[in-house]
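Okay everyone, thanks for coming. Have a look at the sequence and the structure on the screen, and I'll talk you through confidence and then sheets.

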Amino acid sequence: THTVTYVCVKCVFLCFFPKLFSIWVIKKKGGEKSRKQKMSATKVMMMMKTRNNEEQMKKRLKVIEPTKFEKDFSQPMAVPESGIAAAIQVMKSGRLFRYCAIESQVSMLEKEFAEFTQRKYCVAVNSCSSAIMLSLLAAGIQPGDKVATNGFTFTALPSTIMRLNAIPILVESCQDWTMNLDDLQTKLNLHKDIKIVLVSHMRGRVCDMDRLVEICAERILLEDCAHGCGVKWNNRQLGYHGVLASYSTQSDKVINSGEGGLLVTDDAQIAAQLIYMSGAYERRYQKHLTRPDDILCEEAMLKYPNLSCRMSELTAAVARPLLANLPSRVITYNARYDLICSIATKNNVLKVPGHDYRCAPVGDHFNFYLSSNLTEAQNQKFKAICHQFGVPVSSFISPINARYHKNWRKFGAPHFDLPQTDHILRYSYDLKLPPIFTSSDIEHIANILDYAASNCLSF
């Protein structure tokens with residue numbers, strides 16, 4: 001019985017096991033094949049997804065080539081007809097000198113600008129650099145004094161400080177190109193003999209003015225508002241935090257009189273001093289509509305030097321209507337600025353820092369920087385494309401740029417290491433937006449910037 005059973009089991013095993021084993025092997029191989037197929041399919045899908053992402057990225061970066069922009073970026077703002085008529089009347093009268101005019105255009109401009117800035121006194125001069133010089137003198141600057149000022153500003157500031165045989169102490173910049181107040185505090189702690197802080201609102205960019213006032217509590221604060229006409233801080237015209245503020249009416253600004261400067265203050269004694277330093281003599285102070293008490297003017301008459309930097313009647317005649325219509329023009333400036341920002345920054349390569357929430361800016365210039373991830377070759381490619389298509393973007397660190405602190409060293413300005421400022425300015429650009437440009441012009445320019453920013457990535 002056992003033998004028979006053994007034989008039967010052996011037969012069953014020999015007959016059926018090979019078939020079962022074969023079926024098992026086939027199924028196993030099929031499962032492995034299926035898994036491999038699934039894995040292969042997954043790989044293919046991932047590769048396709050990656051390729052699709054790359055294609056989408058290329059599509060996003062591929063911007064239609066624009067046409068060349070042909071208009072002139074150097075074209076300044078035209079003088080309104082009322083300004084032309086006033087200038088002609090001045091020339092017909094022959095009374096171009098402010099102190100021989102019967103109804104002085106300069107005196108009326110001073111009165112109107114004092115009202116515009118909500119300051120008590122205004123003195124008009126021949127340039128903003130002259131205004132800054134007079135403000136430093138009125139603040140009591142002496143040879144050898146140190147003056148803290150922006151490391152990123154126009155060359156006129158360090159030049160004027162040095163002209164008075166004083167020493168500029170340069171302060172770092174923030175990412176939005178404003179004065180770095182942390183570095184200012186550091187410099188004031190290091191140079192405890194700094195008496196004056198001259199803050200520049202470069203290109204209408206405004207630092208935290210409330211904090212600045214606190215930092216400068218024991219020093220004299222002066223404001224360079226060359227780019228500040230129309231800019232507001234806490235709903236008031238910028239330029240009321242300092243003892244004195246200086247403004248420009250040079251052709252690149254929002255009030256175009258060719259050249260010109262305006263000084264404002266609430267200090268009566270300083271106002272009398274400014275009147276005589278600017279070029280009044282004898283009792284010409286009586287020609288000023290915004291002047292302090294006559295007693296103070298009499299005291300100042302022979303006390304201060306006459307630096308003869310008066311504004312002419314012609315200058316004031318063309319400036320007055322542009323001051324009058326500035327509020328309405330600010331609306332237009334900012335609409336164009338918002339338009340260029342919305343188009344030019346959509347590529348995530350070109351970046352425009354925002355403003356402090358307390359600041360209401362004026363978008364008459366377009367300043368931006370490129371992503372720090374770019375290479376120098378890509379930066380140069382961007383600039384080349386812009387110029388190729390008629391948009392003359394200007395690098396803030398070019399060898400001739402008057403706003404780059406390293407270029408100031410060539411005329412003897414002191415050397416300061418400003419690594420943060422250098423890093424920010426490395427890929428920063430300046431672009432005028434002339435008032436004659438229409439919204440369609442601005443859109444055209446923005447598309448060129450977008451095209452250049454997108455295409456420099458492939459370089």
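So, one term before we start: pLDDT is the predictor's confidence in each residue, on a scale from 0 to 100. We need that because what you see here is a predicted model, and pLDDT is the predictor's confidence in it, residue by residue.

For this protein chain, the mean pLDDT is 90, and 86% of the residues reach 70 or more. Where does pLDDT stay under 50? One such stretch is residues 53-60, and there the model has zero contacts beyond four places in sequence. Residues 1-17 are also below 50. Leaving aside near neighbours in sequence, that stretch has two contacts in the model.

Okay, on to the sheets. Let's take the three-stranded one: it's open, the order is 7-6-11, and the pairing is antiparallel. Strand 7, residues 236-237, and strand 11, residues 359-360, each have a single partner strand, so each has one side with no neighbour in the sheet. Strand 6 covers residues 232-233, and two bridges tie it to strand 7. If you want to find that pairing on screen, look for Trp-233, whose bridge partner in strand 7 is Arg-236.

Now the four-stranded one. This sheet is open and antiparallel too, with the order 10-12-14-13. Its edges are strand 10, at 350-351, and strand 13, at 394-395, and each of those pairs on one side only. Further in, strand 12 (residues 365-370) runs antiparallel to strand 14 (residues 428-432), with five bridges joining them. Here, click on Tyr-369: its bridge partner in strand 14 is Ser-428.

Notes:
Residues numbered from 1 in each chain as written. Predicted model: local features only at pLDDT ≥ 70, side-chain atom pairs only at ≥ 80, totals over all residues. Heavy atoms only, no water. Contact = heavy atoms within 4.5 Å. Pairing = 2+ DSSP bridges.
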